[in-house]
Amino acid sequence: MRLDERTVNLFDKKMEELQKLFPSAFSNGKVNLEILRELLGDRVDSYPGRYELNWPGKGEARRLAEVSSTFKFHYVEELSLGKGNSDHLYIEGDNLEALKLLQKEYFNKIKMIYIDPPYNTGQDFIYKDNFRSNRNRFMKLTNQLLRKEAGSWGRYHSDWLNFIYPRIKVARDLLKEDGVLFVSIDDHEFANLKLILDELFGEDNFVGNIVRATGTTTGQDSGGLGSSFDYLLMYRKSDRFHVGGIPLSKKDAARFKLKDNRGKFSILQLRKTGNDDKREDRPNMYYPVTAPNGDLVYPLGPGGYESRWRMGREKYLELEKDDFIYWKKVKDKGWIPYVKYYLDGRTKRPSTLWDDIDGNKKASLEVKKLLGEKIFDFPKPVQLIKRCIQIANAGEEDIILDFFSGSGTTAQAVLELNVAEDVHRKFIMVQLPEKIEEDTSAYRKGYKTICDIGRKRITMAAKRIAVKIQDSDRYDLGFKTFKLERNISTLK
Ligand SMILES: C[S@@+](CC[C@H](N)C(=O)[O-])C[C@H]1O[C@@H](n2cnc3c(N)ncnc32)[C@H](O)[C@@H]1O
């Protein structure tokens, strides 16, 4: 393993610190792991081996996350939007460096992170760090001889994992205790990504794997199955995170057909149905209630067995007093009680299948509408990110980070949802100034890097909001741009 000089110096420094803490574990400047282990006592995990995904270069990837950044942020007024007083940030640069720098101000402060990293398509992976696993290095790490066709997928997986691992490791530290991470991914790295997220967040913090219909089927001519969805892996920082509800669809809302002075409502039988519906399951939920004609009504299941209500007597009397009980007279059965559920303010628990939101075509159209031409491949739909924000329970003043921001979909989602819900969330976008190829229409239109596209899209989305609403001053519709620049003082 070859580390650059700066990293070696940093390691030496950390070793010195360790030596100060545990001097007896050192002799001749070298650490004796046995003694260190003894000194640490039961703080050491003594379970032999460890269940985790391993790949060539993982150790370096882990260390890379620990090495501090040699960059600093540099504010660029002419690339910012608004009067320089915006709390939204647009950071132009490599996201690993940016994430490390953000730790100073945003450690434990971010409510939600959404990322859509480059999917690994088995092409040579273009986004590489200094320590990249190029073909020769990969062969060395895996003790393979250099042969022309050897080990293609293994290297691609390793490259991708070496790239993503340190970034997610550093990003996790930025999340609040009640924060949450969403990662979009496709089949190529889904299995690997799930394992490293389990490792970095803990399996207990896996919230779910959402299957998102892309709205189009690709790869049908490949001889295999066509693909019509990708995934969204969701991890919370800790159990202080709670899943937020999502707005009801038109179809859901159509079920609220009844109306009273409080508004539209739907009804649910007071009697428990399904499992555990017998009197003996909850004896205190078997009691008579009084029907509108004065009859005493008991919970009886089909065929007349003794069943139970959904709640105890006290709670029932409260609902009855507040007019939340609805009675229906059914032929041959008499009076049947129901509980009223109102439409207003109701949300629903999200499921893991999202086939009811805009797909990829609509996402491309959204960008085209703002920028006039199709100049960014594969943006994600704004609606997808809005739903993530809702599920994340991200509210007033919460910060939302996207460190693979591409065309800036997440920023648009934050701005639009803020206005729709009258809240003031803040975004932080990070994007590499990846060069745009010269033979593209984006280049001909004047966009030199992806950052130019991202900033323009956010600017246009903000302008569109400003013309649509009257009190646009209430909302932060700008952003401040920062670029990463070498921190000369750290190079000494
Ligand atoms: C799949 S795209 C994200 C698209 C985005 N979700 C959207 O809706 O427009 C991934 C983005 O990550 C960017 N990227 C790749 N490596 C990066 C790095 N090291 N730092 C910052 N951005 C990076 C790429 O330039 C690309 O724009």
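Is Glu199 buried or exposed? In this predicted model, Glu199 has a relative accessibility of 19% and therefore counts as buried, the cut-off for that class being under 20%. This residue makes a convenient way into the structure, and its surroundings are taken up again below, after a look at the whole.

The protein is built from 14 helices and 20 strands. Measured out along the principal axes, its C-alpha trace spans about 90 × 65 × 55 Å. Of the 492 residues in the protein, 45% are buried. Salt bridges are a good next topic, and a search of the whole structure finds 33 of them.

One of these salt bridges joins the side chains of Glu199 and Arg62, with an N to O distance of 3.2 Å. Glu199 belongs to helix α7 (residues 187-201) and Arg62 to helix α3 (residues 58-66), so the pair links distant parts of the chain, 137 residues apart. Whereas Glu199 counts as buried, Arg62 counts as partly exposed, at 31% relative accessibility. The two residues also take part in a network of salt bridges, in which Glu52 and Lys58 are linked with them.

Helix α7 holds a further salt bridge, this time within the helix. Asp198 and Lys194 form the pair, and their closest N and O atoms are 3.0 Å apart. Because the two residues are four apart in helix α7, about one helical turn separates them. Asp198 is buried, with a relative accessible area of 11%.

A third example leads from the helices to the strands. Asp178 forms a salt bridge with Lys111, and here the closest N and O atoms lie 3.5 Å apart. Asp178 lies in strand β6 (residues 175-185) and Lys111 in strand β5 (residues 110-115), so this salt bridge ties together parts that are 67 residues apart in sequence. Lys111 is buried, with a relative accessible area of 4%.

The burial of Lys111 fits the setting of its strand. Six of the six residues of β5 are buried, so this strand is largely enclosed by the rest of the structure. Strand β5 is joined to β6 by five bridges, and the two run parallel. Within this pairing, Ile110 stands opposite Leu175 in β6. Strand β5 also pairs in the parallel sense with strand β18 (residues 399-402), over two bridges. There, Met112 has Ile400 of β18 as its bridge partner. As general background, strands of a sheet pair through backbone hydrogen bonds, either parallel or antiparallel.

Just ahead of this strand, the loop between α4 (95-106) and β5 contains Asn108. Asn108 has a positive phi of about 60 degrees although it is not a glycine. With a relative accessible area of 34%, Asn108 is partly exposed. A positive phi is also found at Asp323, another residue other than glycine, where the value is near 65 degrees. Asp323 sits in the loop between α9 (313-321) and β14, and at 39% relative accessibility it counts as partly exposed.

Strand β14 brings the description to an antiparallel sheet. This open sheet has four strands in the order β10-β11-β15-β14, with antiparallel pairing. Strands β10 (258-260) and β14 (325-330) stand at the edges, and each has a single partner strand, so one side of each is left without a neighbour in the sheet. On average, neighbouring strands of this sheet are turned by 50 degrees against each other, direction ignored. Inside the order, strand β11 (residues 263-269) and strand β15 (residues 334-342) run antiparallel and are joined by five bridges. In this pairing, Ser266 stands opposite Tyr341 in β15.

At the surface, Leu296, Tyr298 and Leu300 make a nonpolar patch of about 300 Å². Leu296 lies in strand β13 (residues 296-297). Its relative accessible area is 54%, and Leu296 is therefore exposed.

Finally, how many disulfides does the count come to? The count comes to zero. In general terms, a disulfide is a covalent bond between the sulfur atoms of two cysteines. Among the cysteines of this protein, Cys388 counts as buried, at 0% relative accessibility, and Cys451 likewise counts as buried, at 0%.

Key:
Residues are numbered from 1 along each chain as its sequence is written. This is a predicted model: local features need pLDDT of at least 70, side-chain atom pairs count only at pLDDT 80 or more; totals for chains, interfaces and linings use all residues. Side-chain values use heavy atoms; hydrogens and water are left out. Two strands pair if DSSP finds at least two bridges between them. Axes are lines fitted to C-alpha atoms, for helices over the stretch in contact, and angles run from 0 to 180 degrees between N-to-C directions. Patches are made of residues with over 30% relative accessible area and no salt bridge: like charges are joined within 9 Å, nonpolar side chains (Val, Leu, Ile, Met, Phe, Trp, Tyr) within 5 Å. Accessible areas come from the Shrake-Rupley method with a 1.4 Å probe; for residues, only the protein chains shown count as cover. A salt bridge is a side-chain nitrogen of Lys or Arg within 4 Å of a carboxyl oxygen of Asp or Glu. Buried means under 20% relative accessible area, exposed over 50%, partly exposed in between (1.4 Å probe, protein chains only). A disulfide is a pair of cysteine sulfur atoms within 2.5 Å.
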